[in-house]
Amino acid sequence: MDKLSRTRQNIIASSAALFNTYGYYGTSISDVLQVSGYSKGALYNAFEDKEALVKEVFKYNLNRLQTAFIQAIAKKDNARDKLCTIPMFYAEFDLEYVVPGGCPILNTALETDDAHPRLNTLVRSAFENWIAIIVGILEQGKKTGEIKPDLISRSFALYMISTIEGSIALSKTYKDSGILKQNMRLLTQHIQERI
């Protein structure tokens, strides 16, 4: 890895928690320089502008979340267990340990919906990837007879994601992790009993 690539990676890694915790608007270039230890010249040599940095930081945080998420699902053998692992991942896993600041998809989605269309495109892509994972599990479960054949997979995936992300938002707003845990238990029960 050359010096410029190392600089880029160091700046991304050192500022990832900052952007995910305080957001695009709440994190200044001065904040990034302070946590990274780099000069403004080095930062702008590595990134065209703040938006270019934010996009790379989002990808970095998303990769950390997705890696932990996929590893949790991969430990299960059948579709129903894989589906139940998804809400329990959010209920039991210390997301702040993996991605300080919480879910980077939700955090970035709320901040960039209209203001930053290019960054919002990355968020939509992250959601679509998540939807595809759930749909894939559901379709496999239909083939093995574990999942009801008339279930509309994409609709159920959207329901799951909305429940998870909405529960995260409520938990953060009320500063009560019990909301997330309770809703994830209910979602797991729904999966076990109704699909």
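**Exercise 1. Which residues line the largest cavity?**

Solution. The model is predicted.

Step 1. Count the cavities. Searching the whole structure for cavities of 30 Å³ or more gives 2.

Step 2. Take the largest cavity, with a volume of about 120 Å³. Its lining consists of Phe 19, Asn 20, Gly 23, Tyr 24, Val 54, Val 57, Phe 58, Asn 61, Asn 107, Thr 108, Glu 111 and Leu 119.

Step 3. Assign these residues to elements. Two or more lining residues come from each of helix H1 (3-26), H4 and helix H7 (104-112).

Step 4. Sort the lining by class. The largest cavity has 6 nonpolar, 5 polar and 1 charged residues in its lining.

**Exercise 2. Describe the second largest cavity and find the element that gives the most to its lining.**

Solution.

Step 1. State the volume, which is about 60 Å³ for the second largest cavity.

Step 2. List the lining of the second largest cavity: Leu 65, Gln 66, Phe 69, Tyr 90, Ile 105, Ala 126, Asn 129, Trp 130 and Ile 133.

Step 3. Assign elements. H4 and H8 are the elements that give two or more residues to this lining, and H8 gives the most, with 4 residues.

Step 4. Sort by class. The lining of the second largest cavity has 7 nonpolar and 2 polar residues, and no charged ones.

**Exercise 3. Give the secondary structure of the protein and its extent.**

Solution.

Step 1. Count the elements: the protein has 10 helices and 0 strands.

Step 2. Read along the sequence. The pattern is α-α-α-α-α-α-α-α-α-α.

Step 3. Box the C-alpha atoms along the principal axes. The box is roughly 60 × 35 × 30 Å.

**Exercise 4. Work out how H4 and H8 pack against each other.**

Solution.

Step 1. Take the geometry. Helix H4 (residues 50-74) and helix H8 (residues 117-144) pack at an angle of about 10°, and their axes are 10 Å apart.

Step 2. Classify the angle. Angles under 35 degrees count as roughly parallel, so H4 is roughly parallel to H8.

Step 3. Give the handedness: H4 and H8 make a right-handed crossing.

Step 4. Name the residues. H4 brings Glu 51, Val 54, Lys 55, Phe 58, Lys 59, Leu 62, Gln 66, Phe 69, Ile 70 and Ile 73 to the contact. On the H8 side, these meet Arg 118, Leu 119, Leu 122, Val 123, Ala 126, Asn 129, Trp 130, Ile 133 and Ile 137.

Step 5. Sort the contact residues of H4 and H8 by class, which gives 13 nonpolar, 2 polar and 4 charged.

**Exercise 5. Repeat the analysis for H5 and H9.**

Solution.

Step 1. Take the geometry. H5 and H9 pack at an angle of about 10°, with a distance of 10 Å between their axes.

Step 2. Classify the angle. By the cut-off of 35 degrees, H5 is therefore roughly parallel to H9.

Step 3. Name the residues. Leu 83, Ile 86, Pro 87 and Tyr 90 of H5 make the contact with Met 160, Ile 164 and Ile 168 of H9.

Step 4. Sort by class. The contact of H5 with H9 has 7 nonpolar residues, with no polar and no charged ones.

**Exercise 6. Characterise the largest pocket.**

Solution.

Step 1. State the volume of the largest pocket, about 310 Å³.

Step 2. Examine the lining. The largest pocket is lined by 15 residues, and Tyr 90, Leu 95, Glu 96, Ser 177 and Leu 180 lie nearest its centre.

Step 3. Assign elements. Helix H5 (79-92), helix H6 (95-98), helix H9 (153-174) and helix H10 (177-194) each give two or more residues to the lining of the largest pocket.

Step 4. Sort by class. The lining of the largest pocket has 7 nonpolar, 3 polar and 5 charged residues.

Note on methods: Residues numbered from 1 in each chain as written. Predicted model: local features only at pLDDT ≥ 70, side-chain atom pairs only at ≥ 80, totals over all residues. Heavy atoms only, no water. Axes fitted to C-alpha atoms, helices over the stretch in contact; angles between N-to-C directions. Parallel < 35°, antiparallel > 145°, perpendicular 65-115°, else oblique. Left-handed = near helix turned anticlockwise from the far one by under 90°. Contact = heavy atoms within 4.5 Å. Nonpolar A, V, L, I, M, F, W, Y, C, P; charged D, E, K, R; others polar. 1 Å grid on protein atoms, 1.4 Å probe; cavity = no way out; pocket = protein on both sides within 12 Å on 5 of 7 lines; lining within 4 Å. Points joined across faces, edges and corners; volume = space filled by probe spheres on them.
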